[in-house]
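Let's take a walk through this one together. Have the sequence and the 3D view open side by side, and follow along.

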Amino acid sequence: MGEEYRNLGMQIQSKYAYGYAAASISSMRLCVDTLLHVGGEGATLEEVVGSRIADWDEIAAYNYASPFPWVFEGLSLHAQDKLEEAQECYYNAALNPEYDLENGGVIVYVLAMLDNDDLKELKHKLTGLEDQIYEAGIAEPSKCPRDKYCFSDEYLNALGQEELIASDGDFANAMVYFETALVVAPFNGDNYASCAIASLYSGDMDKTIFYVNEGLWADPDHEGLNLMAELLNERRP
Amino acid sequence: MKPSRLAILLILVLTMLYTTTVIHVSQAAIPPGFDRSRVRLETKIGHKVVLQCDQIEFYGTLIRQVPISEKELEDLIRQTMEDLGIDSLKKLNEIVNKAEQWDEITQEEIDQFIQDLTRTVKLVPNADKVADILSILNRIRTNRDPTKSVEEFLYGLLKDGIIDQLEKALEDAIELLIRKGKEPDALFTDLMDEYNDLKGAKSKLSALKNYWEYLKFLLEKYKQDVQKYKDRADAAMAKAMLNAFYEELQRRIDKLRNSKRDDKPYWVIEFDRATAQRQNFSFFGVGGNNQTWELNMRLQQTEQTGEFSFDSENVAGSAAGTYEGEYTIKTDSDLTAFAAFPQESVMNIGVHGDVMLWNINLAKQINPQNEFYLEPVSQGIAHNLRIVKGRCSAYVLESGEIQLHVEPGEEAIMNTFSDIKFVINEKNYNPANSEFLYHIALDAEIKAVPYEKMVFVDYADKGYLVASNPKYDWDALRNNLAEGLEIAVMFDEAEMREEPDFYDWDDSEIWKPWDKSIKTMRIVK
């Protein structure tokens, strides 16, 4: 899917899809590593994980739209009998409307029943997928810190606005939240509008025009972006 | 009344004349919508050239070029359009890009645009800059829920409202499932099973043939998005068509260039976004800062003076001679180390640091036991972007040696400093018995003038009492601090009460490789 977007020149959607895959696959792989370790593999978890990403927050930051980092972090804690923390993670996953409320837990049961040989086979497949995803060089983690509501672009935009108020109108930090909102929901013209305005106030007209055009590509009837496009063409020096 | 034959003839002649004129005009010009930046009229293959300035190196090329005339380019464009069935590049561009690119933009033009945008969204600017920005932002975000007022955004109530909505959406979804007679996922609604019970809960797996199939099923989620971009099929088609056009045109340009290799060749020295890294330079006395340099330079041969040639089968002719051109050097400086140690940096800001040290030494002479120190408050951000544009010339000797001359050029600066905060502390002791008396402090921040090579230290209006010996009454000290007194030992008291003094930028190291070093250029075979 990410490749398909890339071939169509839809770089933001491509980043979204690759990021979603990175967060989903890597979190499953880290969960498998944890289950292997709980099942007696390796002296430490680090030894089982090797050089791959071992931080839940970093994995989730590839695309907060994916509920799976919370699901797999929950299962990893569950397997270590940290039931309260695990339940909190499952709840955080369920907050995301993309989580299947009726059947979402099935994957947890699926992984829990696997023995170490099955888990090793699964890990082999997952690491192959991980390599493909990261080699494309498109997915990159957001600098926005993880919390349970980060799957919502509206929430991220609200954080960006709070940051704007706190920094007295400096877009440098707010931009992190606006760009993360765009990766989470790349078909909503509002998220392009935020990035376009942030770029404008940061003095980067090329980026402003980029976000307006990409936004109108994704959301052609967006009133605000169409208004900006008209004005940009009208006032073009 | 019927028109006379003469009138009909006149109309016909005029129509023919007009048509001929239109055809003539359109044939004489590059078709509208053609983007020159998407094709390469010159070859990029040549000899490697290195430009060295102090410890940084840029790599460029010395290339033999064959000119392609405007007429030749125009013919290639029209033929390619015809072969690919493209009637109008302009129309394709309009489908793909709603806003056209701006070239050579100044900050004034951007400021003017912001003013125009403010007027267009019918916003009356007020004194609160941030409120204005947020209002514009929310008037352009037209998909958002219109029931949410701008005030909600302004007063930071939005986040809490969204959190409530998200939590409620989950409750509603659970309720809906229950109403439909289905059970929500037990993992988070009920008390969870122990992991061992979880491992034994195989009944849930009856629907699944294997976990791998299930993983694939999860990733099918992407298919939900397919429809969203299918709606943009026209734009996708136009974009693909434009890509195909420019690729094919480039192929034809290359072919033409290769077919006319002996047609008045000339040489070009080019650095096309050549980059170099520099690490660990000092800024206001604090080392460990890093920067990225980007050089765009183009020097075109204006006179050939010799027969110097290379032993290579894909080039010929003479590269020796004089060259003239322009350059743009961009320096992106990450001053994180400087920002991390404001207590050191501030001591090196102009005479400011000298005054501070002098004051401390004086106070120490009065009571050597007193302590004076600065400490950082947070990890701030400091960033500088400098762009210099100017003319340059070179002389390539027949031996292959290159003499380069670079004119100083025009400079533009952009600074982003934030949160470079520190605290000035003063601890006083009784000189007779070393008994602790009080600890006072003052907040300060290092700031930069955004578009100038200037920094200043912004002090809080008043100091404050951090700790004091409870044996004594410190009301007088508190009153003095409240009036902005008492804390003047370590800094220039005048700065606290009036406009701050601006100090010159430390340019001793930051741009030294370009500004203060000998530049040498040579051909690397």
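Leaving aside neighbours within four places in sequence, which residues is A:Asn213 in contact with? The ones to look for are B:Asn97, B:Lys98 and B:Ala99, where contact means heavy atoms within 4.5 Å. A:Asn213 itself sits in helix α12 (residues 205–218) of chain A; helices here are DSSP runs of H or I with at least four residues, strands are runs of E with at least two, and both are numbered from the N terminus. A:Asn213 counts as buried because its relative accessibility is 5%. For burial, the cut-offs are under 20% relative accessible area for buried, over 50% for exposed, and partly exposed in between, using a 1.4 Å probe and protein chains only.

A quick word on the ground rules. This is a predicted model, in which local features need pLDDT of at least 70 and side-chain atom pairs count only at pLDDT 80 or more, while totals for chains, interfaces and linings use all residues. Residues are numbered from 1 along each chain as its sequence is written, chains are lettered from A and ligands numbered from 1 in the order in which they are written, and side-chain values use heavy atoms, with hydrogens and water left out.

Now step back to chain A as a whole. Its secondary structure comes to 13 helices and 0 strands. Of its 237 residues, 60% are buried. Take the contacts in chain A with a separation of 6 or more: 66% of them join residues 24 or more positions apart.

Helix α5 (residues 68–79) of chain A is a good place to zoom in. Its 12 residues reach 16 Å from first C-alpha to last, close to the 16 Å expected at 1.5 Å a residue (the expected span being 1.5 Å times one less than the number of residues). How many of the residues of α5(A) are buried? The count is 12 of 12, and among them are A:Trp70, A:Glu73 and A:His78. Just after α5(A), A:Asp81 takes a positive phi of about 60°.

A:Phe72 and A:Leu75, both buried in α5(A), bring us to the largest nonpolar core. A nonpolar core is a set of buried Ala, Val, Leu, Ile, Met, Phe, Trp, Tyr and Cys residues joined through side-chain atoms within 4.5 Å. This one has 73 residues, and those touching the most other members are A:Leu35, A:Phe72, A:Leu75, A:Val108, A:Leu111, B:Phe188 and B:Leu198. Helix α2 (residues 11–38) of chain A gives the largest share of this core, 14 residues. The core also draws at least three residues from each of domain 1 (2–135) and domain 2 (153–235) of chain A, with domain bounds that come from an automatic or database domain assignment. For a closer view, pick A:Leu111: beyond its neighbours within four places in sequence, its contacts include A:Met28, A:Leu35, A:Phe72 and A:Leu122. There's a second, separate core of 60 residues, and B:Phe281, B:Ala319, B:Ile402 and B:Ile446 are included in it.

On to the charges. Side chains of opposite charge can pair when their charged atoms come close. With a salt bridge taken as a side-chain nitrogen of Lys or Arg within 4 Å of a carboxyl oxygen of Asp or Glu, the whole structure has 32 over all chains. In one of them, A:Glu41 meets A:Lys120 at 3.4 Å, N to O. That pair links distant parts of the chain, 79 residues apart, with A:Lys120 in helix α8 (residues 116–135) of chain A. Elsewhere in chain A, a network of salt bridges links A:Arg29, A:Asp33, A:Arg52, A:Lys123, A:Glu130 and A:Asp131.

Chain B has pairs to look at too. B:Glu411 and B:Arg386 meet at 2.7 Å, N to O. B:Glu411 lies in strand β9 (residues 410–418) of chain B and B:Arg386 in strand β7 (residues 381–396) of chain B, so the salt bridge ties together parts 25 residues apart in sequence. B:Arg386 is buried, with a relative accessible area of 3%, whereas B:Glu411 counts as partly exposed at 36%.

Finish at A:Asp190, in helix α11 (residues 189–201) of chain A. A:Asp190 is buried yet has no salt bridge, and the nearest side chain of opposite charge, B:Arg141, is 4.2 Å away. (Lys and Arg count as positive, Asp and Glu as negative; His and the chain ends are not counted.) Not counting residues up to four places away in sequence, A:Asp190 touches A:His222 along with B:Ile140, B:Arg141, B:Thr142, B:Asn143 and B:Arg144.
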